[in-house]
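Open the model in your viewer and keep the sequence panel in sight. We will make a short tour, one selection at a time.

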Amino acid sequence: MTGLVVALATSTTAEAQGLIRDAETEALLRAYAKPIFSAAGLGSQNIRIHIVNDRNFNAFVVDGRNMFFHAGTLMNAKTPNQVIGVIAHESGHISGGHLARLRTQVSKAKSAALMLQILGLAAMAGGALAGAPGLGQVGMGAAFGGTDAAMRSVLAYQQTEESSADQAAITFLNATKQSGRGMVETFELMADKLKGIQGLNPYLMSHPLPQQRITHLKELVASSPYYEVTDPPELQLRHDLVKAKFYGFLDKPESVLNRYGKTDQSLPAAYARAIATYRQSGMKAALRQLDALIAAQPKWPYFHEVKGQFLFESGSVEAAVPPLREAVRLNPEEPLIRIMLAQALLGANKQQYVDEAITNLRTALAREDTSARGYRQLAAAYARKAEAAKAGQAKQQYMAQAALASAEAYFYEGRLKEAKQQAKRAKTGFLEGTPNSIKADDILAFEIPKTN
């Protein structure tokens, strides 16, 4: 895995804001989403699903290209169908153009203050639905004072879109021959979270009250010919493995070992225990458990990836290379694993590994082209090449490549000043009009868009 721990420890802008990167989880979410996106006519939009490091059950979309899931959604969902139902609902918002229309409504607000209040209100309502009643309950009427009436039309407008997204979700689930029971179960969970919250004004919520939605959804779901369809066993296993991984990394080790006791001999339980053991007692204690996982499922790339990650983090850098190579061999299309392999190859500090690291990074960045971490590793690799080269054109080229990769790393970290400094340095080593020179020019010309 790029892993949950590694992602949370790195310094890229997205990850610093609490986003988790993990190859296994992202692959599972893509498997869940692909048929739904296709049914919704969104297959060509290259929608990315991001994982937010938040233990609450929640999901949201902010535009037509990005969908966000709280880690708690995966940790609390008992079945793939529950998560798929959420994806179907959020796809309903995207396919219905709801986001664009809501942005138009917000842009018509009479003042910047009102705009901020409208957007903040959606966050409050989302907090309540996600199980943070304190956030959702903070005297909404008092908080917004005289703007209450002005906001009501905007939020009522969004309410109808929530119901429309529910209906669209059922259409997508039927088109893919999947049950809508997971959606109902999800909203029942949300309703439980709202118990005890008093005085909520339905107009002051970004979603209709869950019980209203459950009643309508149950009618739609019960009429589906696919109501009794269940998730394939192999998909349920993948779901349980990811769920166990999240608990393994995000819970206290003692809590994990209690949740997944030794009497539970399932593969997910063994996975969670191996991760918790590593976090609690180190690699030596966890190694036998990791090897047992690999022996049980030798073709599952993510067990090899986790072993490589733990070896790397424990200081056995060169020993991390073989399991990470095997993870790449088993899943060559996964860029996050290639980036980790390259990091291990460079960390081994052997010149013969540098070209292999560059090959893996170039392959990874062709797919993961905004990875600051990947560009940072590429800069280090080219710096090694420059250091080993004799003075001359080759050395100059490697230095320019290192500077350009550094510029791209800074750029995707949001550090524009440093990005432009490195791009200017890189320009001196490239012929004008070449692809690398154009990349440097693009960074030099970039300015942060101004908002009205």
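The tour goes to a sheet and then to a cavity. Keep in mind that this is a predicted model.

**Stop 1: the sheet**

Strands of a sheet pair through backbone hydrogen bonds, either parallel or antiparallel. Here, colour the open sheet of four strands. Its order is 1-2-4-3, and the pairing is mixed. Now select 19–20 and 59–61. These are strand 1 and strand 3, the edge strands. Each of them pairs on one side only.

Next, select residues 48–52 and 66–70. You now have strand 2 and strand 4, which run parallel. How many bridges join strand 2 to strand 4? There are five. Zoom in on His50: its bridge partner in strand 4 is Phe68.

**Stop 2: the helix on the sheet**

Add residues 23–39. This is helix 3, which packs on the sheet. Helix 3 touches strand 1, strand 2 and strand 4. Its direction makes about 135° with that of strand 2.

**Stop 3: a cavity**

Rolling a probe the size of a water molecule over the atoms shows where empty space is left. In this model, the count is two cavities of 30 Å³ or more. Go to the second largest cavity, with a volume of about 40 Å³.

Select its lining: Arg362, Leu378, Gln401, Leu404, Ala405, Glu408, Asn436 and Lys439. Which element gives the most to this lining? Helix 22 does, with four residues. Show 393–412 to see helix 22, then 435–445 for helix 24, which also gives two or more residues. Finally, colour the lining by class: three residues are nonpolar, two polar and three charged.

Note on methods. Residues numbered from 1 in each chain as written. Predicted model: local features only at pLDDT ≥ 70, side-chain atom pairs only at ≥ 80, totals over all residues. Heavy atoms only, no water. 1 Å grid on protein atoms, 1.4 Å probe; cavity = no way out; pocket = protein on both sides within 12 Å on 5 of 7 lines; lining within 4 Å. Points joined across faces, edges and corners; volume = space filled by probe spheres on them. Nonpolar A, V, L, I, M, F, W, Y, C, P; charged D, E, K, R; others polar. Pairing = 2+ DSSP bridges. Contact = heavy atoms within 4.5 Å. Axes fitted to C-alpha atoms, helices over the stretch in contact; angles between N-to-C directions.
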